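Student: I'm new to this one and would like a close look at a single part. Could you pick a spot, walk me through it slowly, and then follow the thread outward?

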Amino acid sequence: VNQHLFLSLACENAGPLKDALKKLPARHHNNQWLNFLRHHDELSLQLLDDGKKNKVFESFAPQKKMRIYDRGIRRRLAPMLGGDRRQLELCYSLLFSLPGVPLLRYGDEIGMGDDLSLDGRKSVHTPMQWSPSRNGGFSAAKENKLPLPVISEGQYGFKEVNVLSAQRDALSLLNWVEQLVSTRKQCPEIGTGELEIIDTNHPAMLAHACHSPEGKIFFVHNLSADEISISKKKLGLPEASVFEIFSND
């Protein structure tokens, strides 16, 4: 699902992600999926054929130094998306709408960057940026005593991107993610429900629902740069007892 999600983003087409979700095997009722966008290693693309893998590379890792092992991307999500706030929100909204448990890599909630000057996977292992103070608030030790250098320059430097500054900004990505997490906790249908993929006739639109004894919840995501509209009737939404719980409006 993770690899095909990024293929869908690169192609602005929900088809690959839909197909991956449909191919998930049945799970035991005591088990659950773990969903993620990025984790502590590279974004592996080894399940994609060369043509699809290259499409993702072109979109999110156009330079050789951004790639690793000829199969993956050694970048964090924010720089992969060019720091585009709407794209970041789309990705996190997708993550939190998938059946299962969402995983957030430390620093992604504030939009941390990567350090491509470091070898291999170390590019995404830089210290957490807690504040605009020395070493990003990670440690009072001398810089040469840190396990890896803190990102200090550019738009992702710790003076620009850190927890303390984000907490003070009501419109920050951190506060938006906290709202998303809070909303997700109120929706047990997502974690335990059965997945239903809804046909919309829009290639770029992913519409799905989760059914559970607690109720039914619908999700609609537009993976293209163009505006798309769809009727409630097309989604199979009942006219009564339907209310919106989270959107980008």
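Tutor: Let's start at Glu 12, which you'll find in the loop between H1 and H2. Keep in mind that this is a predicted model. Glu 12 comes right after H1, and its phi is positive, near 55 degrees. Most residues other than glycine have a negative phi. Glu 12 takes its positive phi although it is not a glycine. As for cover, Glu 12 counts as partly exposed because its relative accessible area is 38%.

Now step back into the helix that leads up to this loop. H1 is mostly covered, with eight of its 10 residues buried. Those buried residues are Asn 2, Gln 3, Leu 5, Phe 6, Leu 7, Ser 8, Leu 9 and Ala 10. What do they pack against? The buried residues of H1 have H2, S1, S2, H3, helix H4 (77-80) and H5 as their packing partners.

On the other side of the loop sits H2, so let's see how the two helices are arranged. Helix H1 (residues 2-11) and helix H2 (residues 15-22) pack at an angle of about 160 degrees, and their axes are 7 Å apart. An angle over 145 degrees counts as roughly antiparallel, and H1 and H2 are therefore roughly antiparallel to each other. The crossing in which H1 passes H2 is left-handed. On the H1 side, the contact is made by His 4, Leu 5, Leu 7 and Ser 8, while H2 brings Gly 15, Pro 16, Leu 17 and Ala 20. Sort the residues in this contact by class and you get five nonpolar, three polar and no charged ones.

One of those contact residues, Ser 8, deserves its own look. Ser 8 lies in helix H1 and is buried, with a relative accessible area of 0%. Leaving out residues up to four places away in sequence, Ser 8 touches Asn 13, Ala 14, Gly 15, Pro 16, Leu 17 and Leu 223.

For another positive phi, hop over to Asp 70, where the value is about 60 degrees although Asp 70 is not a glycine. This residue lies in the loop between strand S3 (67-68) and strand S4 (72-73). Asp 70 is exposed, because its relative accessible area is 65%.

A second helix pair is worth setting beside H1 and H2. Helix H5 (residues 85-97) and helix H7 (residues 173-185) pack at an angle of about 20 degrees, with 11 Å between their axes. That angle makes H5 roughly parallel to H7. The H5 and H7 crossing is right-handed. From H5 come Arg 85, Leu 88, Glu 89, Tyr 92, Ser 93 and Phe 96, and they meet Leu 173, Trp 176, Val 177, Leu 180, Val 181 and Arg 184 of H7. By class, this contact of H5 with H7 has eight nonpolar, one polar and three charged residues.

Speaking of charges, let's finish with the salt bridges, where the count comes to seven. In one of them, the side chains of Arg 121 and Glu 42 meet at 2.7 Å, N to O. They come from distant parts of the chain, 79 residues apart: Arg 121 is in the loop between strand S5 (101-103) and helix H6 (163-168), and Glu 42 is in the loop between strand S1 (34-36) and strand S2 (43-44). Arg 121 is partly exposed, with a relative accessible area of 29%, whereas Glu 42 counts as buried at 5%.

Lys 53 and Asp 50 form a salt bridge too, with their closest N and O atoms 3.7 Å apart. Both lie in helix H3 (residues 50-60), three residues apart, which is about one turn of the helix. Lys 53 is buried at 14% relative accessible area, but Asp 50 counts as exposed at 53%.

Then there's Glu 196 with Lys 216, whose closest N and O atoms are 3.5 Å apart. This pair links distant parts of the chain, with Glu 196 in strand S6 (residues 194-198) and Lys 216 in strand S8 (residues 215-222), 20 residues apart. Glu 196 is partly exposed at 29% relative accessibility, and Lys 216 is partly exposed at 42%. Finally, Asp 41, Glu 42, Arg 71 and Arg 121 are joined into one network by salt bridges that share partners.

Notes: Residues are numbered from 1 along each chain as its sequence is written. This is a predicted model: local features need pLDDT of at least 70, side-chain atom pairs count only at pLDDT 80 or more; totals for chains, interfaces and linings use all residues. Side-chain values use heavy atoms; hydrogens and water are left out. Axes are lines fitted to C-alpha atoms, for helices over the stretch in contact, and angles run from 0 to 180 degrees between N-to-C directions. Helices (H or I, at least four residues) and strands (E, at least two) are DSSP runs, numbered from the N terminus. Angles under 35 degrees count as roughly parallel, over 145 as roughly antiparallel, 65 to 115 as roughly perpendicular and the rest as oblique. A crossing is left-handed if the near helix is turned anticlockwise from the far one by less than a right angle, and right-handed if clockwise. Contact means heavy atoms within 4.5 Å. Ala, Val, Leu, Ile, Met, Phe, Trp, Tyr, Cys and Pro count as nonpolar, Asp, Glu, Lys and Arg as charged, and the others, Gly among them, as polar. A salt bridge is a side-chain nitrogen of Lys or Arg within 4 Å of a carboxyl oxygen of Asp or Glu. Buried means under 20% relative accessible area, exposed over 50%, partly exposed in between (1.4 Å probe, protein chains only).
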